[in-house]
Every structure is written in structure tokens, then in C-alpha cells.
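Let's take a walk through a protein together, with its sequence and its 3D picture side by side. Please have a look at both before reading on.

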Amino acid sequence: MLPTCLRIHLSQTSRHLRHALQCRYYAEQSSPGETQRIALVQGASRGLGLEFVKQLLDKPNQRVIATCRNPDGAADLQNMQSGSDGRLDIVQLDCTDEKSIANAASQVSHSHQHLDLLLNVAGILHVPGKMSPETALSRVNAQNLLWNFHINAMGPVLVSKEFAPLLAKAAQVSGASKDRPAVIANLSARVGSISDNELGGWYSYRASKSAQNQLSKCMAIEFARRKQNIAVVMLHPGTVDTDLSEPFQKNVKPEKLFSRQRAVDQLLGIIEGTTMEKSGSFIAWDGQSIPF
Ligand SMILES: NC(=O)c1ccc[n+]([C@@H]2O[C@H](COP(=O)([O-])OP(=O)(O)OC[C@H]3O[C@@H](n4cnc5c(N)ncnc54)[C@H](OP(=O)(O)O)[C@@H]3O)[C@@H](O)[C@H]2O)c1
């Protein structure tokens, strides 16, 4: 809790200034030798992204940067921020817009020295009234393909490109090592596995997640070759009760439909145990490796 005199002073300032002062206060308060862990959740307005923010904030000594397309409309994130004691920053980022990604990276690098974790969560499977996953070749079109590739495949690699310099700094600032590297965790999906594809359909979504996996694997190889302790993992959360899966849940057995809390708890466990040796892996919610 902030001291009363500081709280009174902060109540008389604007929301943005108040947040900046709180951030500085908490950075100065962390004990010597105890470096704060810093995570950035990309695509945090709702669904799994919002739950990642919540569970990360429950950890001691953890700061979180939550990015979303429209911070002013992200009421749940704003509520979390007001109860976060200055440990949550909200930054605008649209992963389909390179300028917006670069602006977000520049903003974060002014307020933070490093990053320990980058979670690329934003993704689409359908857009209500505009796009649904293809059940037949006759329904495939360029617009759907581009839409899925833009957000699901290009988003994570373009965001990783801009934030990689901050992840690289974790080696000096928070002691990232081979056994406990900085981590880029990209939300993939089992349906992106080509060797596991026995049902077909969902052309654009499947292919965009396969492409995301290939781009992630390239990053994993490059970081290892450069001897940078940044691991890249692709994660399948299982089928989770969110807006994304909602129209497709009727054939999912209740025990196979995870709550957001359970899914995120499981994935954070996997991220926590990630080493450089595991970098480049495609991993399911239960820790099993998924073939590409
Ligand atoms: N739910 C599942 O069963 C399941 C299964 C396998 C994999 N996944 C993967 O898990 C990830 C999260 O899915 P979810 O279920 O949490 O989905 P969700 O509830 O539909 O949330 C999707 C998130 O992506 C954001 N987003 C969409 N387009 C964006 C853009 N251009 N720039 C930035 N953010 C954007 C949305 O922001 P707005 O609020 O601004 O729209 C929202 O925060 C996805 O990558 C998905 O493919 C989910």
C-alpha cells in the first residue's frame, strides 16, 4: 500500500501522471538485489490475455505491461490497473500495424529497462458477422486468409522483432540464463500441426498457426545461434471457454472445455519451466510436445 501522504498527492494529479509517479515509487521501493520481473501481454483486453495479466499480477515482485488495440475501451484492464498498486501499465498496440508496434516498443523502452516475458496472445478464428472458419475449399478466400495471417502469424513475429532488444537486456538486468531465459511465448493451436491434421477444414486458421510456428522456430534458432538467452515456445492452451471458441463449443465434452483460470495456470507453469534447451518447442497445455 502507498503511504498516505503520497496517496493524497496522487489523488490531485491526472490519471497518467498518477500512474507514472506510482511506477517510479514502486521501482525505487524494490529491495536491492531483488530485480522486478517484467512481463508484456500482447492482446490483453479479454479472454486468455486478460487472465494472463490477472494471474501474473498475483505473483510477488512482478510488473505487467498489457497491450491492446483500444485501451480506452478496455474496462476490465482499467479496473485491474486501479487495483494493481502501479504494477500494471496499459499500452496501445495493434499487432496488424507496424507503426503501432514500434510506438509501443519505444514507449515501453522509455519506462522499463528490460523484459523477462513476452506473451503474444492476440488471435482470431472468427469475426462476428464478417468471417468464420472455412468448412470447405469453396469457402476459402483471400480476405479470410489475409485476416488470419495478419493477426495470428505476422503479429507475433513483428511484435517479437520490436521487443527483442528489451528481452536481450534481461541477461544483464535480471540475470537471464540458459536455465532461466527470457521467454517469448506465442499462443498457437494444435490445429496448426500439419502432421496432426486428420480432419481438414479451418484452412486459414490452421495455416496461419502453422506459419506462426515456422516463424517462431526461426526466431528460436537465431537467438540460440547468437548465444542470446531468449527462448521461444509455441503453446496450445487446449479448448478454452472464451469468445474465440464460443460458437464451436457444442461438440466439446465439458471436461475438455477449460476455464480461462485453469488454462492460464497450466501455461504459466510451462513458461516457468522453459529453458534454452526447450526453445523452439510446440507444447500442449499438459506439457506434451506436439509434432509440427
Ligand atoms: N480459446 C481457445 O479455445 C483457444 C484454443 C487454441 C488456441 N487459442 C489461441 O489463444 C489466443 C487467445 O485466444 P482467446 O480464446 O483468448 O481469444 P479471444 O477471447 O477472442 O481474445 C482475442 C484477443 O485478441 C485481440 N486481438 C484481435 N485482433 C487484434 C489485433 N489486431 N491487435 C491486437 N489484439 C488483437 C482481441 O482484442 P480486441 O478486444 O481489441 O478485439 C482480444 O484481446 C489466440 O491466439 C488463439 O488462437 C485459443
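What follows is a short tour of the ligand's surroundings and then of two helices that cross. Keep in mind along the way that this is a predicted model.

Start at the ligand. A shell of 28 residues surrounds it, and those that come nearest are Ser45, Leu48, Arg69, Tyr205 and Thr242. Two of these names deserve a second look. Tyr205 places a polar side-chain atom 2.7 Å from an oxygen atom of the ligand, and Thr242 has a polar side-chain atom 2.5 Å from a ligand oxygen. The backbone takes part as well: a polar backbone atom of Leu244 sits 3.5 Å from an oxygen atom of the ligand.

How much of the ligand's accessible area does the protein cover? On its own the ligand has 900 Å² of accessible area, and the protein covers 92% of that. Two or more residues of the shell come from each of the elements α3 (47–57), α8 (203–225) and β7 (239–240). By kind, the shell holds twelve nonpolar residues, eleven polar ones and five charged ones.

Now follow α3 away from the ligand to a second partner. This partner is helix α9 (residues 260–272), and the axes of α3 and α9 come within 9 Å, crossing at roughly 65°. The crossing of these helices is right-handed. On the α3 side, the contact is made by Gly47, Leu48, Glu51, Phe52, Gln55 and Leu56. Helix α9 answers with Arg260, Gln261, Ala263, Val264, Asp265, Leu267 and Leu268. Seven of the residues in this contact are nonpolar, three are polar and three are charged.

Leu48 is a good place to end, as Leu48 is among the residues nearest the ligand and also belongs to the contact of α3 with α9.

How values were computed:
Residues are numbered from 1 along each chain as its sequence is written. This is a predicted model: local features need pLDDT of at least 70, side-chain atom pairs count only at pLDDT 80 or more; totals for chains, interfaces and linings use all residues. Side-chain values use heavy atoms; hydrogens and water are left out. A residue is near a molecule or strand if one of its heavy atoms lies within 4 Å of it. A polar contact is a pair of N or O atoms within 3.5 Å; within protein, one must be able to donate a hydrogen and the other to accept it, and residues adjacent in sequence count only if both atoms are side-chain atoms. Accessible areas come from the Shrake-Rupley method with a 1.4 Å probe; for residues, only the protein chains shown count as cover. Helices (H or I, at least four residues) and strands (E, at least two) are DSSP runs, numbered from the N terminus. Ala, Val, Leu, Ile, Met, Phe, Trp, Tyr, Cys and Pro count as nonpolar, Asp, Glu, Lys and Arg as charged, and the others, Gly among them, as polar. Axes are lines fitted to C-alpha atoms, for helices over the stretch in contact, and angles run from 0 to 180 degrees between N-to-C directions. A crossing is left-handed if the near helix is turned anticlockwise from the far one by less than a right angle, and right-handed if clockwise. Contact means heavy atoms within 4.5 Å.
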